[in-house]
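Biologist: Thanks for sitting down with me. Could you bring the model up, and then I'll ask how you know what you say about it?

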Protein chains: 2
Amino acid sequence: MGADNQQERPDTSWIVGFVDGEGCFYVGINKMQNMTLGWQVLPEFRIVQHRRDIDALRHIQSVLECGKICRNHGDRFELRVRGLKNLNKIVAFFEKHRLVTKKRFDFQKFREIISLMNRREHLTQDGLDRIAKIIAIMNRHTTPKYLESSETICQTSEKMKI
Amino acid sequence: MGADNQQERPDTSWIVGFVDGEGCFYVGINKMQNMTLGWQVLPEFRIVQHRRDIDALRHIQSVLECGKICRNHGDRFELRVRGLKNLNKIVAFFEKHRLVTKKRFDFQKFREIISLMNRREHLTQDGLDRIAKIIAIMNRHTTPKYLESSETICQTSEKMKI
């Protein structure tokens, strides 16, 4: 949406502002027996909106050229981007179009994890420990279960400075 | 923030995107014994953010050239714009820089109320009834106490189509 032409579609700055308000860079680390190390790292970017604003999600999806729109809960829908190939597009977008609020910090940590995953370090114990520590300082500083698990606390307690 | 110059300040499109996500156009209608009709209409525009993003609020305040930043609750702060003179600036800004989500609907209703107040119609019974009806369809469709009050229900029940 240009300042001087109300008929234009929302521009990238609008998307950055909207994501500064509503976007979420999230990385889950979940127990998964059939993974080599028993844990799966699942990064995702998402924006949740009420059904009435599904068109805004569709527009952002078309600009980012990735993501699926699916029901989040009740009347709420989300644009959700998963998968390394797509998430690398997200990283490239927000490297070029810089977030303004402290959400940029979450993005930077998210980018670090995507970078580790690009190098397949999440498939090593050291890499997994490092990712779990990064997750622990992202978003609302929730400690992933991975770090609380009895198997991993000893392994990670003295490792790495992020 | 320009797409190609990461050192620029966030631009108006960023502000529109941020307000599409986080902004609130609110009109209260409160009992006030010393007002002629016994009710006060109190429109305000606000954006609430965690303390960590108070700089974003300050930036928006400087672009809009109005508003006060004050504590909302706990670690949350708000940029709050009140007063007809300032709210006319807000209306002019979002007329020029168009909201994208369904928040535009709330803005349009907000603008109607500001327009009525500019014409001092909120000081008449008809104007007050009309404003209360508009409020009832804004935001989350909460019915203002004004419309629930026994003195006004009979007066407003058959009036106006918004």
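Biologist: What makes up the contacts in chain A with a separation of 6 or more?

Modeller: Residues 24 or more positions apart account for 52% of them. Bear in mind that this is a predicted model. Chain A has 162 residues, and 36% of them are buried.

Biologist: How much confidence does the predictor place in chain A?

Modeller: The pLDDT of chain A averages 85, and 80% of the residues score at least 70. Over residues 1-8 of chain A, however, the pLDDT is below 50, and this stretch has 16 contacts in the model beyond near neighbours in sequence. The pLDDT is also below 50 over residues 150-162 of chain A, again with 16 contacts beyond near neighbours in sequence. For the complex, the predictor gives an ipTM of 0.82 and a pTM of 0.83.

Biologist: Which elements does chain A contain, and in what order do they run?

Modeller: There are 7 helices and 4 strands in chain A. Starting from the N terminus, they run α-β-β-α-β-β-α-α-α-α-α.

Biologist: What is the order of the strands in the sheet of chain A, and why are S1 and S3 called edge strands?

Modeller: The 4 strands form an open sheet in the order S1-S2-S4-S3, with antiparallel pairing. Strand S1 (23-31) and strand S3 (68-73) of chain A each pair on one side only, and that puts them at the edges. On average, neighbouring strands of this sheet are turned by 40° against each other, direction ignored.

Biologist: How do you know that S2 and S4 of chain A pair?

Modeller: Pairing needs at least two bridges between the strands. Strand S2 (residues 39-50) and strand S4 (residues 76-81) of chain A have 6 bridges, in the antiparallel sense, so they count as a pair. One of the bridges joins A:Ile47 to A:Leu79 in S4(A).

Biologist: Which helix packs on that sheet?

Modeller: Helix H5 (residues 125-137) of chain A does, touching S1 and S2 of chain A. The direction of H5 makes about 135° with that of S1(A).

Biologist: What makes H1(A) a mostly covered helix?

Modeller: A residue is called buried if 20 or more other C-beta atoms lie within 10 Å of its own. In H1(A), 10 of its 11 residues are buried, so the helix is mostly covered. Among the buried residues are A:Trp14, A:Ile15 and A:Phe18.

Biologist: What do the buried residues of H1(A) pack against?

Modeller: Within chain A they pack against S1, S2, helix H2 (54-64) and helix H4 (103-118), and H1 of chain B joins these partners. H1(B) is mostly covered too, with 10 of its 11 residues buried. The buried residues of H1(B) pack against helix H1 (12-22) of chain A, along with elements of chain B including strand S1 (23-31).

Biologist: How many residues take part in the contact between the chains?

Modeller: It takes 24 residues from chain B and 24 residues from chain A. Helix H1 (residues 12-22) of chain B gives the most to its chain's side, with 10 residues. By class, that side of chain B has 9 nonpolar, 7 polar and 8 charged residues.

Biologist: Why is the relation between the chains called a two-fold axis?

Modeller: A turn of 180° and a shift of 0.0 Å along the axis lay chain B on chain A with an RMSD of 0.0 Å. That is the relation of a two-fold axis. The same surface serves both copies, as 100% of the contact residues of chain B recur in chain A.

Notes. Residues are numbered from 1 along each chain as its sequence is written. Chains are lettered from A and ligands numbered from 1 in the order in which they are written. This is a predicted model: local features need pLDDT of at least 70, side-chain atom pairs count only at pLDDT 80 or more; totals for chains, interfaces and linings use all residues. Two residues are in contact if their C-beta atoms, placed from the backbone, lie within 7 Å. Helices (H or I, at least four residues) and strands (E, at least two) are DSSP runs, numbered from the N terminus. Ala, Val, Leu, Ile, Met, Phe, Trp, Tyr, Cys and Pro count as nonpolar, Asp, Glu, Lys and Arg as charged, and the others, Gly among them, as polar. Copies are superposed by least squares on the C-alpha atoms of residues with pLDDT of at least 70 in both. A residue is buried if 20 or more other C-beta atoms lie within 10 Å of its own, exposed if 12 or fewer, and partly exposed in between; C-beta atoms are placed from the backbone. Axes are lines fitted to C-alpha atoms, for helices over the stretch in contact, and angles run from 0 to 180 degrees between N-to-C directions. pLDDT is the predictor's confidence in each residue, from 0 to 100.
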